[in-house]
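Reader: I'm new to this, so could you take me slowly through one part of this model? I'd like a close look at the salt bridges, and at what surrounds them.

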Amino acid sequence: ATLVGQFTITGMTCAACVNSVEGILRDLSGVKKAVVALATSLGEVEYDPNVISKDEIVGAIEDAGFEASFVQ
Ligand code: 9UX
């Protein structure tokens, strides 16, 4: 199964942050696609909920020093 999740993210201040967060997310097992936008502070992931949870995705983002919260 694949779900699409959208989250807000705070703490990103430059384009390298975007690349960093996208790279972290794409490296997670169960995450198929990840895009984050600096201007809107929004992100979207396609993920397999049988492999990884929203909480785990948020945890990985927070480990990198950003705050994230799913809106969907
Ligand atoms: Mo830019 Mo982001 O110098 O963690 S990479 S602020």
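Author: Here is a walk through the salt bridges, followed by the core.

First, some housekeeping: this is a predicted model, where local features need pLDDT of at least 70, side-chain atom pairs count only at pLDDT 80 or more, and totals for chains, interfaces and linings use all residues. Residues are numbered from 1 along each chain as its sequence is written, and side-chain values use heavy atoms, with hydrogens and water left out.

A salt bridge here is a side-chain nitrogen of Lys or Arg within 4 Å of a carboxyl oxygen of Asp or Glu. In general, side chains of opposite charge can pair when their charged atoms come close. By this rule the model has two salt bridges.

Start with Arg26 and Glu22, whose closest N and O atoms are 3.8 Å apart. Both sit in helix α1, four residues apart, so about one helical turn separates them. (Helices, H or I, of at least four residues and strands, E, of at least two are DSSP runs, numbered from the N terminus.) How covered up are the two partners? Here buried means under 20% relative accessible area, exposed over 50%, and partly exposed in between, using a 1.4 Å probe and protein chains only. Glu22 is buried at 11%, while Arg26, at 46%, is partly exposed. Leaving aside neighbours within four places in sequence, Glu22 is in contact (heavy atoms within 4.5 Å) with Ala34, Val35 and Val36.

Now for the other pair: Lys33 and Glu46 meet through their side chains, with 3.9 Å from N to O. This pair links distant parts of the chain, as Lys33 belongs to strand β2 and Glu46 to strand β3, 13 residues apart. Lys33 is exposed, at 52% relative accessibility, and Glu46 is partly exposed, at 25%.

What about the core? A nonpolar core is a set of buried Ala, Val, Leu, Ile, Met, Phe, Trp, Tyr and Cys residues joined through side-chain atoms within 4.5 Å. The largest one holds 21 residues, and among those touching the most other members are Leu25, Val31, Val45 and Ile57. Helix α1 (15-26) and strands β2 (31-37) and β3 (42-47) each supply at least two residues of this core, as do β1 (3-10), α2 (54-63) and β4 (67-70). For a sample of the packing, take Ile57: beyond its neighbours within four places in sequence, Ile57 is in contact with residues including Leu25, Val31, Val45 and Phe70.
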